[in-house]
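Got your viewer open? Let's take a short walk through this protein, one selection at a time.

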Amino acid sequence: DIAHENRGPHMAERLDETCLSNGRGYGKKAIGPSRKFPQDAPSRQVKSRMTNEKFLFPGPGVHGLFKEIAKLFLKGRNGNPCRMVAAANKDPRHDGKGKENNPFYLPARKGILTCRYEQLRQSPADRSDYLQIAGDCEKYMQEFGYTPTNIDILSLLAELYAYRLQRPDSADRLLDKAIRMPRLNSNTLSQLKSQRADLLTFMDNPWEATILYTQLEKANPNNDIGYEAKLKKAMLAYYAGDLLWAKAQFDVLKGATSKLISNDAIQMSHFIHMNYEAEGDNRDLEKMGRTEYLLYKQQFQEVLPRLDSLIGHCSPGISDYATLQKARSLCACFQDEEAAKLLSELKDRSEQVYIKAEALFQLAGLKRKQKELQQAKELYRLLVTDYSGSVYSIEAAKLYRDLEAGEQTEVNNL
């Protein structure tokens, strides 16, 4: 139980100093106090921080259940995205109406928990910071009950247990309890099963994960939950070295209704197609799949040496792809400068169009994160003009327009 862990600052267990000292490190140092969102922030600014930020390595268990609360937090009531910001920046228990008569109380409590977690994910953080949020989630569940209404916070708590506090068994028990909960609607049940399947994959139990993904695929034949389950099942086959079967599934998913799923399927199908040798040796490709599985499980201490080996000894197709994965690993460890340098070299060196396009997109995201907005804007422009056939061109055009709109807002405020 979280309450039994010492949370004193002198006893706080820090995450790994080097990020690579064990398999699940996250950062070098603690972050400062959580930064509040200004109550008068423009809607575009708040949305950019909270929901449009593209995390290069979000981790396997980031799910829609508790993200729905972030959307509610942003939207607020009466279409005012800042009203919920104001509610979450103060303790809702101090609202004069009292929690019994305040319709904003529960959404604000949930919004606080979700937003605090999202803030921590963007910077290196102490284990004690995650312990505090997990403890607050436990208190919320004890106060308001393990009911379908509070599934979003239960999902968030499982996320914290699994990927931030290295307690995957606790997360699995929590999700199993949630799945058995009565009166769940089918969509919520499917999302919980998907989250548990991801966790089983993370826990090195791909067989049970495959069973859950298959159930989800059959229960959701024509929606994004089913397509996502099919994509994750194909990725498991790729990790295991079953390359042709995985490629066949990726090919089917190219026509998925979700653009994100379709893009991922197109990229993976193309990568296997370009590097698979029908009559040759595919050990390097299989090794890349096994290495990506370690990356999925956040075992960075093992991943980085393997990626360096692949980069140094494989054909350009696999070497360049391994460089992209190394950049993702570095970003996950908050080594953004090294990742940016690697991506900048890759976009100039690679002769593969899809690799150059992905390197440009990832680099632009890093520049945006580092507030180097002019450089980010130029990289997005290059994607739109020089790589119009890329899966990233439409998203790049949208982000380019957002950056331009932000510049115009600043000019108007001078």
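## Two helices crossing

Start by selecting H16 and H17: H16 passes H17 in a left-handed crossing. H16 covers residues 336-349 and H17 covers residues 353-369. Keep in mind that you're looking at a predicted model.

How do you describe a pair like this? Two packed helices are described by the angle between their axes and by how far apart those axes are. Here the angle is about 150°, and the axes are 9 Å apart. Angles over 145 degrees count as roughly antiparallel, so that's what H16 and H17 are to each other.

Now show the side chains where the two helices touch. On H16, pick out residues including Ala339, Ala340, Leu343 and Leu346. On H17, try Ile355, Ala359, Leu360 and Leu363, among others. Colour the whole contact by class and you'll get nine nonpolar, two polar and five charged residues.

## Hop to the next helix

Next, select Gln375, which sits in helix H18 (residues 373-386). Is Gln375 buried or exposed? Its relative accessibility is 41%, so Gln375 counts as partly exposed.

Add Lys367 to your selection: its side chain and that of Gln375 are joined by a polar contact of 3.4 Å. Then go back to Leu363, twelve residues from Gln375 along the chain; the C-alpha atoms of these two are separated by 9.4 Å.

## Zoom out

Finally, show everything. The protein has 19 helices and zero strands. Of its 414 residues, 53% count as buried.

Key: Residues are numbered from 1 along each chain as its sequence is written. This is a predicted model: local features need pLDDT of at least 70, side-chain atom pairs count only at pLDDT 80 or more; totals for chains, interfaces and linings use all residues. Side-chain values use heavy atoms; hydrogens and water are left out. Helices (H or I, at least four residues) and strands (E, at least two) are DSSP runs, numbered from the N terminus. Buried means under 20% relative accessible area, exposed over 50%, partly exposed in between (1.4 Å probe, protein chains only). A polar contact is a pair of N or O atoms within 3.5 Å; within protein, one must be able to donate a hydrogen and the other to accept it, and residues adjacent in sequence count only if both atoms are side-chain atoms. Axes are lines fitted to C-alpha atoms, for helices over the stretch in contact, and angles run from 0 to 180 degrees between N-to-C directions. Angles under 35 degrees count as roughly parallel, over 145 as roughly antiparallel, 65 to 115 as roughly perpendicular and the rest as oblique. A crossing is left-handed if the near helix is turned anticlockwise from the far one by less than a right angle, and right-handed if clockwise. Contact means heavy atoms within 4.5 Å. Ala, Val, Leu, Ile, Met, Phe, Trp, Tyr, Cys and Pro count as nonpolar, Asp, Glu, Lys and Arg as charged, and the others, Gly among them, as polar.
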